[in-house]
Amino acid sequence: MSEFYDYFKYHMNTKHSYFSIRNNPNRLDWNNQPSVFKSYPNSYEKIPLDIKKENHEFIYLIAGINAKKTYPGVEYYLRINPSAGALYPNEIYFQSRGNKDFEDGIYHFDIKSSSITLLKKIDDSGLEPYFDLDTKQNGFIFLISSIYYRSSWKYKNRAFRYCLLDAGHVLGSIEASAYIHNKSFKIVNDFDKKQMNKLFNFDEKEFFTSAVFLTNNTNEKLRKVKLELENIDGTFVFEKNEMIEDAYNDSLEIENKKPQLQEANFNFQKSYFKEVILKRRSIREFNQQSITKIEFDSIMENVNKAVSSDCDEEIDIYYVINRVQGMKLGLMKNGEYIKEGDFLSKAGYLCLEQKLGSQSAVTFFFCSKSKNYQAMYQKAGLLGHRLYLASNYLGIGCSGIGAYYDDEVCEFIGDYTQVLYAFAIGK
């Protein structure tokens, strides 16, 4: 057990337990709340998104604002992609080459204004050489970054987990929008992130965690693009967290990567699936109705499809069957029963005693023993995003749960592993 966990101590040091939750209550400094939006100055060209244009809609469906909630003295905006605590620590940059509706260039998605900011026009240069490619790639190259203080303001040291899970949801949003718009999709984890951080003039406040290629190769040679960007603080009130910065740096190296060349082959009805993407929300309470086995099997079929990636990490999915017609109560792993019985109350307790875990039709725990921490966690977020969309497509509610009693989950499932994410689905 100790050999398994020695390789990356961050995960060990950010576990929740029954006693840690009570001994370290989470108190928020509302006078130091970070901004959830990053914008470049108006000296950069900004292009408003027009969703009547195909590629503009493609970008909007990744992370656009689609709702506003107002409470006394507070208002906040919800986006197409979910985020723990609605804190949205991730930023989206992309290169567009040879795409209709866009000038060839490198852009930042300015979510607050529903526009894209042109950071640099490109012609015979680009981001491709930073990924060890010497020819132009037509299409889109996305870069996902994290501004970690947006999450650590609330979640403290555990926030790096949320940054990666939320980045995985962004990857899932890109995958879903790519499906709607008939684009290929491949995640790239293994690139020089420190060099890329420097290229975009990030300091310790922001760092890249993954990339996505939706491209076709050409035979045209090119050179590395050079950027001279302003350094923009996307929080306005940044507070340094050395544990998170160390965790990021310690998890940069990719070990023994195994690529997945196959792409997911979804079969959603696209016009309705787009409505699901636009209306997706985290459910807050279940009415404890059952779902059918056919519905459950359909959801799992979509969750378990291949994830095209240069570093495909194995994610084990454990789930507690609470209310599924035609299925026995019990704990399952990857489609097989581990133990039978009524674990409804146990599932709720493990999810930090949240009712969602016990009211659900099914409660999930995503786990892994991977050593490629960033790739592993972001894949868990992507699979979670598939779970959201596949459930909502069938009219079934879903909620991600990033907080749980880590070691007690391991004891329950009978495997000392890394617990990455919990989910509950139901009606």
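**Exercise 1.** In this predicted model, determine which strands helix α14 lies across and at what angle it runs to β19.

*Solution.* Step 1: locate the helix, which spans residues 406-413. Step 2: list the strands beneath it, namely β13, β15 (330-333), β16, β17 and β19 (418-426). Step 3: take the direction relative to β19, which gives about 75°.

**Exercise 2.** State the order of the strands in the open sheet of six strands, and identify its edge strands.

*Solution.* Step 1: the order is β16-β15-β13-β17-β19-β18, with antiparallel pairing. Step 2: β16 (336-340) and β18 (397-401) each pair on one side only, and they are the edge strands. Step 3: on average, neighbouring strands of this sheet are turned by 20° against each other, direction ignored. Step 4: within the sheet, β13 (residues 316-321) and β17 (residues 362-368) run antiparallel and are joined by six bridges. Aspartate 316, for instance, has cysteine 367 of β17 as its bridge partner.

**Exercise 3.** Describe the open sheet of seven strands and the helices that lie on it.

*Solution.* Step 1: its strands follow the order β1-β6-β5-β4-β8-β10-β9, and the pairing is antiparallel. Step 2: the edges are β1 (45-48) and β9 (186-188), each paired on one side only. Step 3: the average turn between neighbouring strands is 30°, direction ignored. Step 4: three bridges pair β9 with β10 (residues 207-221) in the antiparallel sense, and lysine 186 has phenylalanine 213 in β10 as its bridge partner. Step 5: helix α4 (residues 54-63) packs on the sheet and touches β1, β4 (90-97), β5 (105-110), β6 (115-121), β8 (135-146) and β10. The direction of α4 makes about 25° with that of β8. Step 6: α6 lies across β4, β8, β9 and β10, and runs at about 35° to β10.

**Exercise 4.** Identify the residues that touch the most other members of the largest nonpolar core, and the helix that contributes the largest share of this core.

*Solution.* Step 1: the core has 114 residues; those touching the most other members are Ile59, Phe142, Phe296, Val362, Phe364, Phe365 and Phe366. Step 2: helix α6 (residues 159-180) supplies the largest share, 14 residues. Step 3: another core of 24 residues lies apart from the largest one, and its members include Tyr130, Leu143, Leu229 and Ile232. Step 4: beyond its neighbours within four places in sequence, phenylalanine 296 contacts Ile291, Tyr319, Ile321, Val324, Met327, Val362 and Phe364. Step 5: as general context, nonpolar side chains tend to be buried together in soluble globular proteins.

Conventions: Residues are numbered from 1 along each chain as its sequence is written. This is a predicted model: local features need pLDDT of at least 70, side-chain atom pairs count only at pLDDT 80 or more; totals for chains, interfaces and linings use all residues. Side-chain values use heavy atoms; hydrogens and water are left out. Two strands pair if DSSP finds at least two bridges between them. Helices (H or I, at least four residues) and strands (E, at least two) are DSSP runs, numbered from the N terminus. Axes are lines fitted to C-alpha atoms, for helices over the stretch in contact, and angles run from 0 to 180 degrees between N-to-C directions. Contact means heavy atoms within 4.5 Å. A nonpolar core is a set of buried Ala, Val, Leu, Ile, Met, Phe, Trp, Tyr and Cys residues joined through side-chain atoms within 4.5 Å. Buried means under 20% relative accessible area, exposed over 50%, partly exposed in between (1.4 Å probe, protein chains only).
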